[in-house]
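Let's take a friendly walk through a protein model, looking at its pockets, its cysteines and one serine. Have the sequence and the 3D view ready as you read.

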Amino acid sequence: MSWFQRKTKGITTTTEDKKDIPKGLWYKSPTGKIVDTEELEKNFYVSPEDGYHVRIGSKEYFEILFDDNKFEELDAHLESKDPLKFEDTKKYPDRLKAAQNKTKLKDAVRTAVGKSKGKDLVIACMDFSFIGGSMGSVVGEKIARAADYALKNKLPLLVISKSGGARMMEAALSLMQLAKTSVKLAQLADAGLPYISLCTDPTTGGTTASFAMLGDINISEPGALIGFAGPRIVRDTTGKELPEGFQTSEFLLEHGFLDFITLRRDLKNKVNQYLDLILNQPLRA
């Protein structure tokens, strides 16, 4: 006689008694390293095994940069419209609504002001999760308004780029944002107010062609993809094989397109150190 015998057939556990394995307990980096997500968060979302900087959004960057994560969000309710009546596989308003429901964001950038190491700082941070961080009218308008706020209150500006480029659903209106943001950054320069650009993975297309490369200091995180066109397009256009590491932040630093590469754990200290140096004020500890 067997030592175990099922008394009833089938699985009888009620739904409310079932215990699911919690999701998101582990993260696997591109190099294959497995990291506990709690440990990852404590390490500024950087894999301690290989130093890989995991993509994060405005929520996480604000937590890292603002003192005690206290800030005032600017122009939080701006949303894109559909002046071109654009439709591909779905209508643009439907795509926007789906992205808003999925990400709980209004668009691909958030702007805020708060204290960082005790001094006020205006930050505009892009979110790649919202339609690939694409730059449409709202992104350009919010960055322009953030620059206006910095001008009015005589504050420095930090823009964190993470984008696939201009938003095709807004066509020429999207491309117009390059000029608008560039003009505002020029006004900051004329007023003697510092602008720091942080390029994160990925920073490509129209974003790279405009505000992402116009900083008084241009910095990046390690291993970030930064470029205008993708490597395949560049290769097909030039007919040449690309050097190893082409379009990585390390390659751009070596060729003079970036000033510094900054580890995320050092980001808050480094950004404020750069600002103190630019403004010729005592360095904060």
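## The second largest pocket

The second largest pocket holds about 160 Å³ of space. Please keep in mind, here and throughout, that this is a predicted model. Which residues line this pocket? They are T208, M213, I226, G227, F228, A229, F246, Q247, F251, L252 and F257. Two elements each give two or more residues to this lining: strand β9 (226-227) and helix α8 (249-254).

What kinds of residues are these? Eight residues of the lining are nonpolar and three are polar, while no charged residue takes part.

## The largest pocket

Now turn to the largest pocket, which has a volume of about 190 Å³. How many residues line the largest pocket? There are 13, and those nearest its centre are I56, G57, E60, D127 and S129. Helix α2, spanning residues 58-65, gives the most to this lining, with three residues.

The mix of residues is worth a look as well. In the lining of the largest pocket, six residues are charged, four are polar and three are nonpolar. Compare that with the lining of the second largest pocket, where no residue is charged and eight are nonpolar.

It may help to recall how such spaces are found. Rolling a probe the size of a water molecule over the atoms shows where empty space is left.

## Two cysteines without a disulfide

Next, the cysteines. A disulfide is a covalent bond between the sulfur atoms of two cysteines. How many disulfides does this structure hold? The count is zero. For C125, the nearest cysteine sulfur belongs to C199 and is 12 Å away, and C125 is in no disulfide. Seen from the other side, C199 is in no disulfide either, and its nearest cysteine sulfur is that of C125, at 12 Å. A pair counts as a disulfide when the sulfur atoms are within 2.5 Å.

Are these cysteines buried or exposed? C125 has 0% relative accessibility, so it counts as buried. C199 counts as buried too, because its relative accessibility is 0%.

## A serine in strand β6

Finally, find S161, which lies in strand β6, residues 157-163. S161 has a relative accessible area of 0%, and buried means under 20%, so S161 is buried.

Which residues is S161 in contact with, leaving aside its neighbours within four places in sequence? They are M126, L198, C199, T200, T203, T207, F211 and A212. One of these contacts, C199, is a residue you have already met: it is the cysteine that counts as buried at 0% relative accessibility.

How values were computed:
Residues are numbered from 1 along each chain as its sequence is written. This is a predicted model: local features need pLDDT of at least 70, side-chain atom pairs count only at pLDDT 80 or more; totals for chains, interfaces and linings use all residues. Side-chain values use heavy atoms; hydrogens and water are left out. Buried means under 20% relative accessible area, exposed over 50%, partly exposed in between (1.4 Å probe, protein chains only). On a 1 Å grid over the protein atoms alone, a cavity is a set of points where a 1.4 Å probe fits but cannot get out, and a pocket is an open set with protein on both sides within 12 Å along at least five of seven lines; lining residues have an atom within 4 Å of a point. Grid points are joined across faces, edges and corners, and a volume is the space filled by probe spheres set on the points. Helices (H or I, at least four residues) and strands (E, at least two) are DSSP runs, numbered from the N terminus. Ala, Val, Leu, Ile, Met, Phe, Trp, Tyr, Cys and Pro count as nonpolar, Asp, Glu, Lys and Arg as charged, and the others, Gly among them, as polar. Contact means heavy atoms within 4.5 Å.
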